[in-house]
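This report describes the strands, helices and buried residues of one protein model.

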Amino acid sequence: MQDSGNDGGVLDLGADRPASARRASRLKTMGWIAGAIVAGMLLGLLVIEIFPPGGRGKAQFAAPLPESRPAELPRIVTGRAGAEAPLVVIDAGHGGFDPGASGPSGAIEKNVALAIAAGLRDRLVELGAVRVALTREDDVFLPLEERVAVAEALKADLFISIHADSAPVEEARGANVYVLSGRASDREALALARSVNGDDDAYADDGGDEVEALLAELARRETALGSASIARSVEARVKGRLPVHGRFVRGGNLVVLRSAQMPSILFEAGYISSEEDATRLTSEEGRAAIVSALAEAIVADLLAPRPG
Ligand SMILES: [Zn+2]
């Protein structure tokens, strides 16, 4: 709230009043006129107090309202790729008050994930074939759903979430890739059907829910195929260059993989609980090997000709 600043005006009026009263006692008629003038002044001041000429009322009204600004989307780095190039959204897991896993050597997952994400962005920009955005560029917390929503809002062609694993046994080490397994919920399928149909409901008129469900299912399958394709591409570049943990490509019903609009994978860069993996994850050299393999896999997959 802003101060009115008009208190001085009210005090001035009080000082004028005795002068008007003296003039009124000398001449009755003049007194009435003076009284009318004072009343007029009072009324005028009252009007100014309520509706100040400078528009104070408006300023006072605007001040307590929160500034309405649209949710901020991360910047897209285009580089030499051009505005039409596919967009890769890289999501550094955890952040802010959520540190993720931590290793015996003091490595923290949120920092490792951000370092790999930033390194991957730089490498992709260097290769010049795709556009890149990060869901977070700093040590901030982002809800899982928001990470996906940001990528969808940017109309990403690929979403890749970067994490590091942890296990109670020191022997566990190596990288993994996760793709979504399990059916998308009905709500998501319906939302997708709407986005496929757009505002024009012509399809719904002669097919009803069955056509919508079918379109949703087809789009969902196409997205799943895209996710499997990028996972295989990562597998081909990572195996032989980095240690992998058991079966490399795994399925999981993870929140960050549930988008029906873009292929999504979650990359576990290694076990932060393993000393050997932690050394790779926290060194420039080690991360460069991870980042090169990922970048090559992404470019090869996104630029590969698609059937249909
Ligand atoms: Zn994690």
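The text below covers the sheet, then its inner strands, the core and some single residues.

The model is predicted; local features are given only where pLDDT is at least 70, side-chain atom pairs count only at pLDDT 80 or more, and totals for chains, interfaces and linings use all residues. Residues are numbered from 1 along each chain as its sequence is written.

**The sheet**

Six strands form an open sheet of mixed pairing, in the order 2-1-3-6-4-5. Strands (E, at least two residues) and helices (H or I, at least four residues) are DSSP runs numbered from the N terminus, and two strands pair if DSSP finds at least two bridges between them. Strand 2 and strand 5 (244-252) are the edge strands, each pairing on one side only. Direction ignored, neighbouring strands of this sheet are turned by 20 degrees against each other on average. The axes behind such angles are lines fitted to C-alpha atoms, for helices over the stretch in contact, and angles run from 0 to 180 degrees between N-to-C directions.

The table lists four of the strand pairs.

| Strand pair | Sense | Bridges | One bridge pair |
|---|---|---|---|
| Strand 1 (87-92) and strand 2 (131-134) | parallel | four | Val-88 and Val-132 |
| Strand 1 and strand 3 (158-165) | parallel | five | Asp-91 and Ser-161 |
| Strand 3 and strand 6 | parallel | six | Ser-161 and Leu-266 |
| Strand 4 (175-180) and strand 6 (264-271) | antiparallel | three | Tyr-178 and Leu-266 |

Leu-266 of strand 6 is thus a bridge partner of Ser-161 and of Tyr-178. Ser-161 in turn is the bridge partner of Asp-91 in strand 1.

**Strands 1 and 3**

Six of the six residues of strand 1 are buried. Here a residue is buried if 20 or more other C-beta atoms lie within 10 Å of its own, exposed if 12 or fewer, and partly exposed in between, with C-beta atoms placed from the backbone. Leu-87, Val-89 and Asp-91 on one side of strand 1 are buried, as are Val-88, Ile-90 and Ala-92 on the other. From strand 1 the chain passes through helix 4 (residues 109-127) to strand 2, a right-handed β-α-β crossover. Right-handed means that, with the strands pointing away from the viewer, the path from the first strand over the helix to the second runs clockwise.

Strand 3 is largely enclosed by the rest of the structure, because eight of its eight residues are buried. Leu-158, Ile-160, Ile-162 and Ala-164 point one way, while Phe-159, Ser-161, His-163 and Asp-165 point the other way. Helix 4 runs at about 140 degrees to strand 3 and lies across strand 1, strand 2, strand 3 and strand 6.

**Core and helix 9**

The largest nonpolar core has 57 residues, among which Val-88, Ile-116, Ile-265 and Leu-294 touch the most other members. Such a core is a set of buried Ala, Val, Leu, Ile, Met, Phe, Trp, Tyr and Cys residues joined through C-beta atoms within 7 Å. Leaving out residues up to four places away in sequence, Val-88 touches partners including Leu-124, Val-132, Ile-160 and Ile-298; contact means C-beta atoms, placed from the backbone, within 7 Å.

Leu-294 and Ile-298 are among the buried residues of helix 9, together with Ile-290, Val-291 and Leu-302. Helix 9 (residues 284-303) has 20 residues and an expected span of 28 Å, which agrees with the 28 Å between its end C-alpha atoms. The expected span is 1.5 Å times one less than the number of residues.

**Single residues**

Most residues other than glycine have a negative phi. His-94, in the loop between strand 1 and helix 4, has a positive phi near 60 degrees. His-94 is buried, with 23 other C-beta atoms within 10 Å. Lys-155, in the loop between helix 5 (144-153) and strand 3, has a positive phi of about 60 degrees. Lys-155 counts as exposed, because it has 10 C-beta neighbours inside 10 Å.

Ala-216 belongs to helix 7 (residues 202-238) and is buried, with 23 other C-beta atoms within 10 Å. Ala-260 is 44 residues from Ala-216 in sequence, and their C-alpha atoms are 8.6 Å apart in space.

Methods
Two residues are in contact if their C-beta atoms, placed from the backbone, lie within 7 Å.
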